[in-house]
Every structure is written in C-alpha cells, then in structure tokens.
Amino acid sequence: MNVLHFVNAFFGDGAHWHGYDGIPRRLVEHVQYTLMALGLAAAIGLPAGLLTGHTGRGGNAVAFVATAARALPSFGLLVLIAVAVGIGLLPVMVPLVVLAIPPILVTTYEAVRSVDPSPVDAARGMGMRESSILFRVELPVALPLVLSGLRSAAIQVVSTATIAAYVSLGGIGRYIIDGLYQRDYEKVVGGATLVAALALVTLTLFWAAGRFAVSPGVRRR
C-alpha cells in the first residue's frame, strides 16, 4: 500500500470524523496547544526583542539565550518535566514555549536594529519620546521581519505540538503515537498529513496578516 492509499483510507473513514477521537476535536486541541505556546512565547520574546533592538543593548544576551534555547531537545525537556511534576499541560507548554522564543526574540531584535537610522534620528530631533519612536517609527518598518519571526515560531510549534500525545494529552499527535503503538500506519500517515496541512494553513494566515498589517510602502521594499 502506498501513502496516498493510507491518506484516502484515513480521511474516508467516517469513524475518524466523530467522537472524542475525531479529527475536528483533535484539530481543536492541537490549535489550542499551539496558540497557548505561541502566545506565551510572544509575550516574552516580542517585548525583549523590541527593547533590546531599540536600545542596541543586550545583543550578546539575545544571541546567548537563543542559542541555549535552540540547543535544548524538546522531547527530552518534555520527559524531564513530566518526571518532575507529573502528567499535565505544563510539561507540554514548557518545551513548546522554549522552542518558539528564539525565532521571535532574534528576528524582532534584528528587525528593529535594521531600521534606517535617519528617520529615527529625525524623530528624536523633533522631540518624540523613545516609546513613540519605537512604536510609530521603528516598528512599522520592522513589522515584516517581526511577522516572519512569529511565522517561523508558529510553524515549529504546530509541527512539534504532537509531543503532547506522549504525556497522554490530545491533539493530532494522538493519531501518530497511537498509530505507531497499534501498528496502524493509516493513522500515522493521516496524522502526519493533518500536521502538514495545518502548517500550510498557518503559512497562509501569516501571509494574509502581512498583507493586511504591513504598509504597502514597506512591502515594496
């Protein structure tokens, strides 16, 4: 049997569309994990990246934090926290947030630092406050790169949130983990296809957000 046959059999089975193990419920759970992790990572990474990028201080610290976070294995961190605190949402959120912070933090920092200093200096010469310079001058220009960092983080979290199934939670990872345990490769391929499809939807949503939020003048640069 080829992959396309497994995909067709999985999505063609009506039992996979209903009940506690149905595709709609597993998709909702997966999206919930993704949004929670991405929201927490953005709440940490965006302010830190904007502040360090605006002031020009802390670049080495940003690089160190990003390198250290990227070096941590998500699955190993999941197992370690699950052993320490038990089964629950916390062991899933910590590795996902740690995974998402580096692209948000580094890209936001670099986005603000790459803004042309001429309008920034002009704004200071006009007497604008530093906060106004950041949010009214630098951020609109840096927004495309900031969104690209959020997009990278979102794709990584969508792909990695399958680890929730290892600690008995839900999400699309249930199909992959259960399928491997049961040697039901139809489930494994179906789950992997759902993850890939969700990643493509995420890319599309960020593309649309960029078209809506970024100034046309900045997009043409």
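A nonpolar core is understood here as a set of buried Ala, Val, Leu, Ile, Met, Phe, Trp, Tyr and Cys residues joined through side-chain atoms within 4.5 Å. In the predicted model, the largest such core comprises 30 residues, and V92, L96 and I104 are those with the most contacts inside it. Helix 2 (23-55), helix 4, helix 5 (90-113) and helix 7 (130-160) each contribute at least two residues to this core. Helix 5 provides the largest share, with 9 residues. The surroundings of I104 were examined further: beyond its neighbours within four places in sequence, I104 is in contact with L38, A41, A42, G45, L46, G149, L150 and A153. A second core, separate from the one described above, has 11 residues, among them V112, A123, I133 and V137.

With regard to overall architecture, the protein chain contains 10 helices and 0 strands, which gives the pattern α-α-α-α-α-α-α-α-α-α when read along the sequence. The C-alpha trace spans about 65 × 40 × 25 Å along its principal axes. Of the 221 residues, 45% count as buried. Contacts between residues at least 6 apart in sequence join residues at least 24 apart in 74% of cases. The chain exposes about 11,800 Å², of which carbon and sulfur atoms supply 66%. For the charges, the mean position of the 16 positive ones lies 8 Å from that of the 11 negative ones.

An unreviewed UniProt entry lists residues 27-206 as "domain: ABC transmembrane type-1". In the model this span is 83% helix and 0% strand, and its end C-alpha atoms lie 19 Å apart.

Two individual positions were also considered. A82 is located in helix 4 (residues 74-85). This residue counts as buried because its relative accessibility is 16%, the cut-off being under 20%. When residues up to four places away in sequence are not counted, A82 touches I87, P91 and V167. A distance of 36 Å separates the C-alpha atom of A82 from that of N2, a residue 80 positions apart from A82 along the chain.

T202 lies in helix 9 (residues 185-213). With a relative accessibility of 11%, T202 is therefore classed as buried by the same threshold of under 20%. Apart from its neighbours within four places in sequence, T202 is in contact with A154, I155 and V158.

Technical notes: Residues numbered from 1 in each chain as written. Predicted model: local features only at pLDDT ≥ 70, side-chain atom pairs only at ≥ 80, totals over all residues. Heavy atoms only, no water. Helix = DSSP H or I, 4+ residues; strand = E, 2+ residues; numbered from the N terminus. Buried < 20%, exposed > 50% of the residue type's maximum accessible area, 1.4 Å probe, protein only. Contact = heavy atoms within 4.5 Å. UniProt positions renumbered as here; feature names shortened; annotations may be inferred. Areas by Shrake-Rupley, 256 points an atom, 1.4 Å probe, with all protein chains shown as cover. Lys, Arg positive; Asp, Glu negative; His and termini not counted. Charge placed at Lys NZ, Arg CZ, Asp CG, Glu CD.
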